[in-house]
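Got the model open in your viewer? Set it to cartoon, keep the selection box handy, and follow along stop by stop.

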Amino acid sequence: MAVQSNEYMKDAAETLYELNSDETIRQQCEARRRAEIEEKHMQDKLKKLEEDKENLTREKTELHIKLQNEISETEKWKAKYEQLLAAQTEKKN
């Protein structure tokens, strides 16, 4: 009723009705909505992949350090073994 008494409001209401009923406009709005959802999904996926990359890089570094420590420990035991073996060889001679 308020719209019917005000010519500008009536024109605006008619325009809104036409825009909302226009199939092309509706399809464009739907395509934009889908694109926004897809963009959000891709951004979330990218963020997850970046986090996974950081975690894997950190794990790789930790494993590398652990491996280096184990190699160092193995070399120490090897050196001790070689010393003991040399000492036994000297005793036999």
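Start by colouring by pLDDT, the predictor's confidence in each residue, from 0 to 100. Of the protein's elements, helix H1 (residues 2–5) comes out lowest, with a mean pLDDT of 56, and H3 comes out highest, at 94. Helices here are DSSP runs (H or I, at least four residues; strands would be E, at least two), numbered from the N terminus. Across the protein the average pLDDT is 88, and 92% of the residues score at least 70. Where pLDDT is low, don't read the predicted coordinates in detail.

Some housekeeping before you click further. This is a predicted model, so local features need pLDDT of at least 70 and side-chain atom pairs count only at pLDDT 80 or more, while totals for chains, interfaces and linings use all residues. Residues are numbered from 1 along each chain as its sequence is written, and side-chain values use heavy atoms, with hydrogens and water left out.

**Stop 1: the acidic patch**

Select Glu 7, Asp 11, Glu 14, Glu 18 and Asp 22 and show their side chains. Together they make a patch of negative charge on the surface. To join a patch, a residue needs over 30% relative accessible area and no salt bridge; like charges are joined within 9 Å, and nonpolar side chains (Val, Leu, Ile, Met, Phe, Trp, Tyr) within 5 Å. Asp and Glu count as negative, Lys and Arg as positive, and His and the chain ends are not counted. Each charge is placed at CG of Asp, CD of Glu, NZ of Lys or CZ of Arg.

Now zoom in on Glu 14, which sits in helix H2 (residues 7–21). Is Glu 14 buried or exposed? Something in between: its relative accessible area is 39%, so Glu 14 is partly exposed. The scale runs like this: buried is under 20%, exposed is over 50%, and partly exposed lies in between (1.4 Å probe, protein chains only). The areas themselves come from the Shrake-Rupley method, and for residues only the protein chains shown count as cover.

While you're in helix H2, click on Ala 13 as well. At 33% relative accessibility, Ala 13 is partly exposed. Draw a distance from its C-alpha to that of His 64: the two are 51 residues apart in sequence and 69 Å apart in space.

**Stop 2: salt bridges**

How many salt bridges does a search of the whole structure find? The count is 5, where a salt bridge is a side-chain nitrogen of Lys or Arg within 4 Å of a carboxyl oxygen of Asp or Glu.

Pick Glu 30 and Arg 34 to begin with. Their closest N and O atoms are 3.2 Å apart. Both lie in helix H3 (residues 23–92), and being 4 residues apart puts about one helical turn between them. Glu 30 is partly exposed at 22%, whereas Arg 34 is exposed at 54%. Add Arg 33 to the selection and you have a network of salt bridges linking Glu 30, Arg 33 and Arg 34.

Next, select Arg 32 and Glu 36, a salt bridge with its closest N and O atoms 3.1 Å apart. Arg 32 and Glu 36 are also 4 residues apart in helix H3, about one helical turn. Arg 32 is exposed at 58%, while Glu 36 is partly exposed at 44%.

Then go to Lys 48 and Asp 52, whose side chains meet at 2.9 Å, N to O. About one turn of helix H3 separates this pair too. Asp 52 is partly exposed at 27%, and Lys 48 is partly exposed at 46%.

**Stop 3: along helix H3**

Select Arg 58 in helix H3. Arg 58 is partly exposed, at 45%. Its C-alpha is 28 Å from that of Glu 39, with their positions 19 residues apart in sequence.

Finish on Lys 80, also in helix H3. Lys 80 is partly exposed at 47%. From its C-alpha to that of Lys 53, 27 residues apart along the chain, the distance is 40 Å.

Terms used. Accessible areas come from the Shrake-Rupley method with a 1.4 Å probe; for residues, only the protein chains shown count as cover.
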